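Q: I'm new to this structure and would like a close look at one small part of it. Could you walk me through it slowly?

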Amino acid sequence: MFIPAAQSAYRTLRKTQPRVRLNAIFKNGYSSKVEYKPIRSVLVANRGEIAIRVFRACTELGIKSVAVYSEQDKMHMHRQKADESYIVGKGLPPVEAYLNIPELIRVCKENDVDAVHPGYGFLSERSDFAQAVIDAGLRFIGPSPEVVQKMGDKVAARVAAIEAGVPIVPGTDGPVTTKEEALEFCKKHGLPVIFKAAYGGGGRGMRVVRKMEDVEESFQRASSEAKAAFGNGAMFIEKFIERPRHIEVQLLGDKAGNVVHLYERDCSVQRRHQKVVEIAPAPRLPIEIRDKMTEAAVRLARHVGYENAGTVEFLCDESGNFYFIEVNARLQVEHTVTEEITGIDLVQSQIRVAEGMTLPELGYTQDKIVPRGYAIQCRVTTEDPANDFQPNTGRLEVFRSGEGMGIRLDSASAYAGAIISPYYDSLLVKVISHASDLQSSASKMNRALREFRIRGVKTNIPFLLNVLENQKFLHGVLDTYFIDEHPQLFKFKPSLNRAQKLLNYMGEVLVNGPQTPLATTLKPALVSPHVPEVPLDLSPEAIEREERGEAKVTEPPKGLREVLVCEGPEAFAKEVRNRKELLLMDTTFRDAHQSLLATRVRSHDLLKISPYVTHKFNNLYSLENWGGATFDVALRFLHECPWERLEEMRKRIPNIPFQMLLRGANAVGYTSYPDNVVYKFCELAVQTGMDIFRVFDSLNYLPNLILGMEAAGKAGGVVEAAISYTGDVSDPKRTKYDLKYYTNLADELVKAGTHVLCIKDMAGLLKPESARLLITAIRDKHPDIPIHIHTHDTSGAGVASMLACANAGADVVDVAVDSMSGMTSQPSMGAVVASLQGTPLDTNLDLRTVSEYSAYWEQTRTLYAPFECTTTMRSGNADVYLNEIPGGQYTNLQFQAFSLGLGDFFEDVKKAYREANLLLGDIIKVTPSSKVVGDLAQFMVQNDLTADQVLERAEELSFPKSVVEYLQGSIGIPHGGFPEPLRSRVLKDMPRIEGRPGAELKDLDFDKLKKELQESHTCVTNRDVMSAALYPQVTNDFLNFREKYGPVDKLDTRIFLTGPKVGEEFDVPLERGKTLSVKALAVSADLKPNGIREVFFELNGQLRAVHILDKEAVKEIHVHPKANKSNKSEVGAPMPGTVIDIRVKVGDKVEKGQPLVVLSAMKMEMVVQSPLAGVVKKLEIANGTKLEGEDLIMIIE
């Protein structure tokens, strides 16, 4: 190698002396006359990272670099890295632009270029190109055209190998151009065989064939790929050696006949014959085998008169036998690992040899070339390993690389904003690590890859990381079957990509409006609710307890949950009954906001106040925080997982029992499910943190109730069986639901094993006197069972009724914090606490604490202005005693009435609700039976029908679906039976369900459901499967949303609902210790031709831009439709590319797996297969159509 002074002299010599004759006699006996001509400028007939690699070598040698680029590459980095750049191939397809030899020569001659470097791929192994360069008076930086031709011709190379005494594999004597010739060879020599491009390498046009019926199709595809990549589709066929290692020897020769090897590389980690990871030197290769292999490679090079850099490739079997494959008469993609272990710059060496310098002059004699350590190269590509490595294109929204000691990066398009096109190879960056041993080198590579942050396109980094952590790889136990035999390499933990997904979500809201329907035009308030602090106890006594391993200073005080966890449900119930004070259940976390804010309160705001609740309200009976409508609303409208909500609340509130609403055999759904679904749901709920199950049935139908009780009890939860209350037990004229009806029901539930008995007054009909009568009667019959009362304050009498219950012997009543109480919610917590202060039933809650808690919710409530019940309901209303509308339904019914255009007729809707209830037989009204009544009421108002008219015209009217299903018996049997003759007139000959609706349903196959979900979604958990069992389409939509937009539950509520204001700065806490700092900068006023608007953000101080489709603007622009991933009938493009072959037409019958279309992209062809059997209904493509990923190809019925 040159010392600095020598390098300086060398550059001066190049500039001042156009030609120098060197006559030298060397110690090794070589005598030569080599003409030395310095090179002043080099054109690289290539693109991407290899072009930049050569430019850098030129710059270091003081040589001018010249780039060429296609029209599609005009924004590519390689043209900017060169000293000069010139466009080629105007009007030509992307690849052909770089194959246009006359135009490349013209650029050289017009711009004083001395030499041409071909890089790899494209024209690098075309002898006619090398000859054209020389014929034009230029120098070709590579072997002579004769050698390129001989080594590029697989047959000629085999002949040369035989002549040089190098072992070979049996194969064809010449190139094969027809499938008939291929079939003949296979029949003669047997299978397996391998097809290889006769005029190129790199894995393009390569196929292994093991079945005779695959020969013709594989040959056509391989030949077509070879023609697209190298301009010639001729193939070479040879026997395929099983379980080989792929080892190649790097050579360097000069014009004087000197040849040295730079040791070997192991390229066995391949996928479909394309190298993925390369190692130098080859691990675990015996020295004697290495020496024989390198000696054979040098012998072959000398035999053919090889000069410049090149590679001889071998297959090495398990016995140590090795066979010549081919010579790559060019620089290889993986030359980097050889450079790292030898310290020799191969590209500079190529240039110097082309100038006429000899290897000894460069200091490259075999004895001086010694490998040091191990180097690994990983090719980071824009391919999706989870989707069969299909090329992924698009815009690099984020690019951050891994760097540091022992890491080298060779790249071209790796920067934020770069466009990854479908026209060229998917290589993004080559990452090279170097260390003293293989394990250390792999460790550096692993660390570097983990530092990468690439957003906007998918990459193969997850796959590479799995390779690097495989024990066989780390110990160098490799062969070409390595990837095929390790399916675990394809099990990925996908990148969370949370920040970019959240930016996309906010961009979507800014461009296209709210992504959850808003009930009114009101906007969320510009407030940030104050969260009251929980002071830490840092007293010496507390610190001492912590040091003894007892309670940490951050732990909350103990609560009733400790009894449940330590002693079980029976002991818990006994403790509740023994308490002298009135216990409270706080509904603020569920029923209160269901009643006042359309169930829209998000986990974000619940979790903020949770630490305060756990420390200040530890003596609550329970916190109602889950189940009922909150489950599907979380998925459907809030785009968050209800299971994650429960889990996170449990982490923050470990001491207070949680309570949920379980709709008996309906779980948290609105229909009947197989029994195993209800059991599995309860089991998973307990595992995730649930304690108490308030089990009810919308008709008080015992079989449904008891199933829910059994499921909750078997799961280990506290069973709180609920009697849904309606009517008025203090009114002797109302006999259907009298005192005896309720006490008999209580007897049955106690007999069935309930731990706690609940009266569920869902409409707030329980007047104080009725409460006294009912609770006294039940307490007299069941002195030991805890009694829990739930009501709504719609009439305004809720506090009085709850106090009456408490005085009559109830143990627990439901309340909501003051600012979330009243009207259709629960009675005020503060009012009940204050009313009982100083009495035997004193709740032992501090009114000041309640006030602080209430202040938080008073502010938080303003964030949900679009859902505020006071928009349509200004106060409580005692007419609830007439219409009996449940509190949770009252405001929802109002919003529904407004959305149906019945806002001015809501009084009529309320009256119709009463009439509908009587028509249906005066039923218990709670979800889902309340929905039946509500649907019928709105149907009556919309169609201007009286109750008598409904009954008279029942046979001809088209009733709401919920009404028909109720009358069929799909939610159970009402007390007193179904109403006649209404039922018979509506149903006519429709089937009826006798008995418990779910009893006849087959058990759900959870494993099958999980597999179905995994076909469409990544990272499907058992929780997702459970959600899908209850709400299939809602869950599918949620999973799609989450995959696209990430954890939107982490955003502040105002930003989630209506997006940030331009210029606004805010934080997004993702998890403990990880917070995003975001600033919304601007929304582009200009619309791109494809209907895209650019939205700009600053994320953690760095500029980020997201591209959002403007859904309004795009209505006036033709954009190719996208396939709906959740609809298997719609076949989408698996990768961006061009349609080159359509094999079906509209009306054709197709079978599952049948080839439909062939796409070409990135020099790779892919056959799109039918996902199902059916008939082609519609084609959205033609030959030549350019598609983006997921573009709709066709619809199959």
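Which residues does Pro 1171 touch, not counting residues up to four places away in sequence?

A: Quick ground rules before we zoom in. This is a predicted model, where local features need pLDDT of at least 70, side-chain atom pairs count only at pLDDT 80 or more, and totals for chains, interfaces and linings use all residues. Residues are numbered from 1 along each chain as its sequence is written, and side-chain values use heavy atoms, with hydrogens and water left out.

Now to your proline. Leaving out residues up to four places away in sequence, Pro 1171 touches Lys 1128, Val 1131, Lys 1152 and Ile 1196; a contact here means heavy atoms within 4.5 Å. You'll find Pro 1171 in the loop between strand E41 (1164–1169) and strand E42 (1174–1179). Those labels come from DSSP runs numbered from the N terminus: helices are H or I with at least four residues, strands are E with at least two.

Is Pro 1171 buried or exposed, or something in between? Its relative accessibility is 33%, so Pro 1171 counts as partly exposed. The cut-offs are under 20% relative accessible area for buried and over 50% for exposed, with partly exposed in between (1.4 Å probe, protein chains only).

To get a feel for distance, pick Asn 744, which is 427 residues from Pro 1171 along the chain. The C-alpha atoms of Pro 1171 and Asn 744 are separated by 57 Å. For scale, the C-alpha atoms of the chain fill a box of roughly 125 × 80 × 60 Å along the principal axes.

Stepping back, the chain has 1197 residues, and 59% of them are buried. Its secondary structure comes to 43 helices and 44 strands. Among contacts with a separation of 6 or more, 70% are between residues 24 or more positions apart.

For a contrast with that partly exposed proline, try helix H12 (residues 335–342). There, 7 of the 8 residues are buried, so H12 is largely enclosed by the rest of the structure. The buried ones are His 335, Thr 336, Val 337, Thr 338, Glu 339, Ile 341 and Thr 342. Right after H12 comes Gly 343, with a positive phi near 75°.

So, back where we started: Pro 1171 sits in the loop between E41 and E42, with Lys 1128, Val 1131, Lys 1152 and Ile 1196 among the residues it touches.
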